[in-house]
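This briefing introduces one structure to a reader who has not seen it before. Please look through the sequence and the model first.

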Amino acid sequence: MAELQGIVTFTGVNQVVECSFDLTHGTTPSVATLTIVPQAQILSVTGTLRFQFGSLWVQFPDCKVDTGSFERNDSNEIWRLSIFDRRWRWADSLIWGHYNVPIDSGYYRGHDTNYPSEKTPGQLAEKCFLAMNETTYDRSNMPSNPRPEAEWDYQSAASALSDLCDKVGCRVVLDIDNKVYIRRAGVGAQLPDGNDVLSRSMTSTPNIMPRLAIVTDKIRYQMDLLLEAVGEDTDGSVKPLGDLSYAAEMGYNATTQRFAEIPFPYWACFNDAATSEAKRKLADNTVLRWYRVKCAKTSPVVVPGFCEQGAVAVAGGGADGSFSITDREWLLPLSREQVQTEYDQDEKQWKNKDAAVYGVWFENKDVRTNIVSTLTPSAYTTSRYKDSFSIDTEHGIVHFGQPVFRNMETAAAPTQLTIGPALLRLRTACCVCYPGERTQARYVRAIKNYTGDPTALHCVRHDEITPGVYCNYSSSYAVQRLYSNFAWMQKTCDYFLDSLKKQYEDPKPQVYRYMGLKQVRLDGAIQQVTYSMDQGSGMTTTVTRNCETMDRPLSYNERLRVERSRSIQDIADAQKAGSQKRQRKREGRQ
Amino acid sequence: MSQYPLLDRTWIPFRPNAEVPAYGVMELNTGIVPDSYSGIAVAATKQATVTSGLKTLFINGPELVASGKHGRCTLGWEPVLALYDANDGTPAVGEQWGVKASSWKLGVGIPGFEVVETGDGGIVRVVKSTVRHCWGKADANCAYNANCTVSVWKDDRSGDSGNNLTTVIPSPTMESGQVDSGDWVRCWKRADGQWEMDLAPC
């Protein structure tokens, strides 16, 4: 039987003497280095690189010659060159768009049925493939739960795809069937054994598995926060109305919560002292216009579900998992949005509801009753304050555009208006500090049934996972029922925990070298296949599992970093060129 | 129309010399005095001393205002609520109701305000109505081109309102000695503020 001979061919090359081709993961093209019988020129820039060994063959169509790689002999003939596999076409692809923009609730802006913003990783990958003009791909192995934020600003689609896959623990794989697959990193077939194995290299690196945990973004709690009327005092401090130095002068009685003088218009009551003008301005700007979140030992804020946030136990919580906060600072800054979402008909998308104020206040109509008589959660729909207000989130103060007050007369049909501070609640979200610590709570999802070293801990932050909690209140504002996106969040955390766990599992890296051509398919574990043909040893195939061969110029992670930095550099260069152009224009006009 | 009419209304700060109920009708006491510090004009008000539609009147806002304290009031140029005397009946749209002496409430048949919404429960919505004509009786024989005094009567001529026009001159078209004591006359207010008889006697 004649000895089998390996043959390598490439379109336009007369005869290949030696060849080495590392087929690897990623979106950057793998490079084949060919030593050829010297010839004057290469007849084709693109073509098919084919390896044949007896009846076995693999081929890579649409490869491209790297014309800058030509090495010539004394007769100016080409004798060595490099060839990129078909991924060279991906380099110039552009992609733009912003998807999975997280909002407080952990949902995503843009649930518009026409232009949905929420995308699964698979859908995002499809967008990348479309931009890369890639039609033969399989993304079925991508996870469906994570919602990685993708903010693409006219950048390389190949780089975007690499980033996306990295975020969800996957790899881009160009397989020997010329199809592109998205594979789970570390998951794949075993290396084939047989008589054709020339050498085996296996190393085992047992590792100590620490306690693994995923730490999410800060938890947002939606609450109906009680507000108290405050004003700015002459020393710049903000105090409840009764504590203001000019409370008596403006006729406010803190005990009865009533104004003996009518503040409107102009706060004419300040007319007896040389300092009146300053006080009048302060009162006009702040009294009955500023309402601050009330939170003190005598009136604590109950945070619903605070003690149900995963691995971190909070002592002192209520039976329903709620926790009482007694210092306003622990709630700040407030959010301007609620955790709950609504469909915005104008913007055609789902979004967090805006923060809202509701309660007992006087509508300034000729009807002398307040908008509602009692402050209860059910008043939210009927007594929302619809005029303008803003929230000083850093200090927890609501600023109203108009004075807001209530009629203190309690008769069913009052005959007159007696002005007093309104009874209001602010429905909004905020993050909450652990009691005594000035650190806002995050959700911690730890690996289950951990029995290893209790001191070893490896936490990974995932700020794109945004937990949110809200509740139903009883009429006395006791927490009745909790709602959260924890179930979705836990699934997502578990996915990342799974990927994290793989880092500590012994990957058992393997390198097999086969005689001749071995048709081994790449997957998430088999990371590299090297086809070599030289005159000394003929054709061999080297396959690595859970590792890359040491003689690679760049590892997968290094290649990823290069892709990212190149993308950033592209953007930086474009910005620099743009600013230079604008500068030239300005100079031209002058 | 504003969403919050009370906020958008033109209010005048005032300080009464006695407790004024919500929607009470007042007249000027010592004047409208600018505050020495802020320059804000504050009306010093009091309860009406005479039944008259000829004075500048103020209507308190929806709040009770204690004596010497500050409140807010309007002149009634836009529809506002005011107290009325239920003993005079129920105000009907289009009727004239005006201020009564020693009362915070409007009485029927007195010029000053036109009812724009049927009254209910002692409160009625009115709008200021400028008094340009009034009926009265000459207190004495009236000489040609001489000042004379006319007792202003209620619009329904049911009685003397208690208010007199003291400087009324007969119209130039009227003859001397045409108006005798007790004659009914109609008076009108000229642009220069001078009251003049233009219809007499009847």
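**Around Val287**

A:V287 touches A:V230, A:G231, A:L241, A:L244, A:Y246, A:M250, A:F259, A:W267 and A:L282, leaving aside residues up to four places away in sequence; contact means heavy atoms within 4.5 Å. This is a predicted model, in which local features need pLDDT of at least 70, side-chain atom pairs count only at pLDDT 80 or more, and totals for chains, interfaces and linings use all residues. Residues are numbered from 1 along each chain as its sequence is written, chains are lettered from A and ligands numbered from 1 in the order in which they are written, and side-chain values use heavy atoms, with hydrogens and water left out.

**Nonpolar cores**

- The largest nonpolar core (buried Ala, Val, Leu, Ile, Met, Phe, Trp, Tyr and Cys residues joined through side-chain atoms within 4.5 Å) has 157 residues, and A:V287 and A:L161 are among those with the most contacts inside it.
- Helix α4 (residues 486–504) of chain A gives the most to this core, with 8 residues.
- A second, separate core of 14 residues includes B:V80, B:Y84, B:V115 and B:V126.

**Chain A overall**

- Of the 590 residues of chain A, 50% count as buried, meaning under 20% relative accessible area with a 1.4 Å probe and protein chains only.
- Chain A has 5 helices and 35 strands, which are DSSP runs of H or I (at least four residues) and of E (at least two), numbered from the N terminus.
- Among contacts in chain A with a separation of 6 or more, 68% come from residues 24 or more positions apart.
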